[in-house]
Amino acid sequence: MDSTAVARSHWSSRWAFVLVTAGSAIGLGNIWKFPYMTGTNGGSAFVLVYLLCIAFIGVPLLMAETMLGRRGQANPVGSMRRVVAEAGAHPGWIAIGFIGILGALMILSFYSVVAGWILDYAMRSFSGFAGLTKAEAGAAFAALLADPLRLIGWHTVFMILTALVVASGVTSGIERANKIMMPALFAIIVALIVYGIVAADMAAAVRFMFHFDFGAVRREVVLSAMGHAFFTLSLGMGAIMAYGSYLDRGTSIMRTAFYVALADTGIALMAGLAIFAIVFAQGLEPASGPGLILQTLPLAFAQMPGGAVVGPLFFILVIFAAWTSSISLMEPFAAFLIERFGLSRRAAVGGMGLVAWLLGIAVALSFNEWSGFKILGLGIFDLLDTLTTKIMMPLAGLLIALFVGWVMRRHHVAEEMGLSGAQLGIWLNVLRFGSPLAIGLIFLHVVGVIG
Ligand code: TRP
């Protein structure tokens, strides 16, 4: 039995929940992954499918997952166990919780390595990038990837930072970190946009991202964009469920989901515009892959007035954004260990952190010493990313939609959501038909069963 009904800590206010959930959603996914994936997937075609997936799959699922957590009042596995029992459903549905905590652990392992790249660049940015050339920026990133000790060192630092906050408990640790950092990040991205307009090629960036052309939407782009919509909203992996479980009754889940999605999408689009403005102004390659922001932004910091201040500030804020996200990746599994096996929070965080750290070392080595090691044609980094983003998250999302739409008792759902009859009906029908159909079709399309 989970021993959570007593004294479960809660967020201090509704805004605190919006803030921490936005903190989970806004992270490397927005600032590192979205721009490079937009670049490698042909620009506007990717952006278009991504926006559609956020609106029609992401937001309804964000609501569903928050609701499951608040209803269950426990870690993702414990919450699923309760809502499944309450619905009198087959215990197999509890798998949703297990897929979540496992997936979150897998993501955390590579997330921490990438956050380590940002730490490395933050350190370097203090001595400034003055005089940096295009070739040097590319070579610097390649040199970082080739250096296992540097990668592992920064990965270790980041994992410890994450563990420290999660060990001190969600409501005190997680809330406080978010309150200052998210607004500051927003401000600096606005500054980068202004730079893009004044000194780089913003017109080309807008054309690249928003010149929609349905004909250009390729098969692979569709799955990538849907997977990214899940990733960027922290969906399907128990994070939102875990946070929802600390949410007070009486808060509108629909409204909070809407704010979170809006903030997350806004930051991603702005980061994309800022980066592509620099990419095109410098004649860089938009499809250069995971190193994109690290090969472009230092060039901008080298040239812009005040770049010596803006550069370090930017990297520090990205680290905080990544930090508030990685916390939400560690919390679900840790809460499970605490509530299920009665571990102390410290022991749970230590154990979970250790496993993710070891897996992260394999990720770090996959860029250099182990670069020849492939499973299904993918290195460890790509394998973990693909497994989680393109398979586990959409699968969990599909199951959540089906469970809430078809299996839960309607009056339980209604009680939790507090929506008007019409709103509830629309949302439930999206979960029943819309999301499963969309996710299913996208899967079949990619596997090649349907054209
Ligand atoms: N959404 C975060 C980002 O964009 C990453 C993240 C945090 C996440 N928690 C998650 C992704 C849970 C999937 C599931 O950087």
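Before I begin with the helices, a word on the axes: these are lines fitted to C-alpha atoms, for helices over the stretch in contact, and the angles between them run from 0 to 180 degrees between N-to-C directions. Please also keep in mind throughout that what we are looking at is a predicted model.

With that in place, let me turn to helix H6, residues 134-145, and helix H13, residues 292-303, whose axes come within 9 Å and cross at roughly 135°. Angles over 145 would count as roughly antiparallel and those from 65 to 115 as roughly perpendicular, so H6 is oblique to H13. The crossing of these two helices, H6 and H13, is right-handed. On the H6 side the contact is made by Lys134, Ala137, Gly138 and Phe141, and these meet Leu294, Gln295 and Leu299 in H13. If we sort the residues of that contact by character, four are nonpolar, two are polar and one is charged.

The second pair I would like to show is helix H3, residues 44-72, with helix H18, residues 421-447, where the axes come within 10 Å and cross at roughly 125°. H3 and H18 are therefore likewise described as oblique to each other, but here H3 passes H18 in a left-handed crossing. From H3, the residues Phe56, Ile57, Pro60, Leu61, Met63, Ala64 and Met67 take part, and they meet Trp427, Val430, Leu431, Ser435, Ala438 and Ile439 in H18. In the contact of H3 with H18, twelve residues are nonpolar, one is polar and none is charged.

That brings me to the interior, and to the question of which residues have the most contacts inside the largest nonpolar core. This core has 167 residues, and the ones with the most contacts inside it are Leu68, Trp117, Phe403, Val404 and Trp427; Trp427, as you may recall, is also one of the H18 residues that meet H3. The largest share of the core, 18 residues, comes from helix H5, residues 95-125.

Let me stay with Trp117 for a moment, since its contacts lead back to the first helix pair. Leaving aside residues up to four places away in sequence, Trp117 touches Trp32, Phe141, Leu144, Leu145, Leu151, Pro290, Leu294 and Phe367, and among these Phe141 and Leu294 also belong to the contact of H6 with H13.

Finally, Ser109 has its place in helix H5. Is Ser109 buried or exposed? With a relative accessibility of 0%, Ser109 counts as buried, and, again not counting residues up to four places away in sequence, Ser109 touches His155, Ala356, Leu359, Gly360, Val363 and Leu384.

Conventions:
Residues numbered from 1 in each chain as written. Predicted model: local features only at pLDDT ≥ 70, side-chain atom pairs only at ≥ 80, totals over all residues. Heavy atoms only, no water. Helix = DSSP H or I, 4+ residues; strand = E, 2+ residues; numbered from the N terminus. Parallel < 35°, antiparallel > 145°, perpendicular 65-115°, else oblique. Left-handed = near helix turned anticlockwise from the far one by under 90°. Contact = heavy atoms within 4.5 Å. Nonpolar A, V, L, I, M, F, W, Y, C, P; charged D, E, K, R; others polar. Core = buried A, V, L, I, M, F, W, Y, C linked by side-chain atoms within 4.5 Å. Buried < 20%, exposed > 50% of the residue type's maximum accessible area, 1.4 Å probe, protein only.
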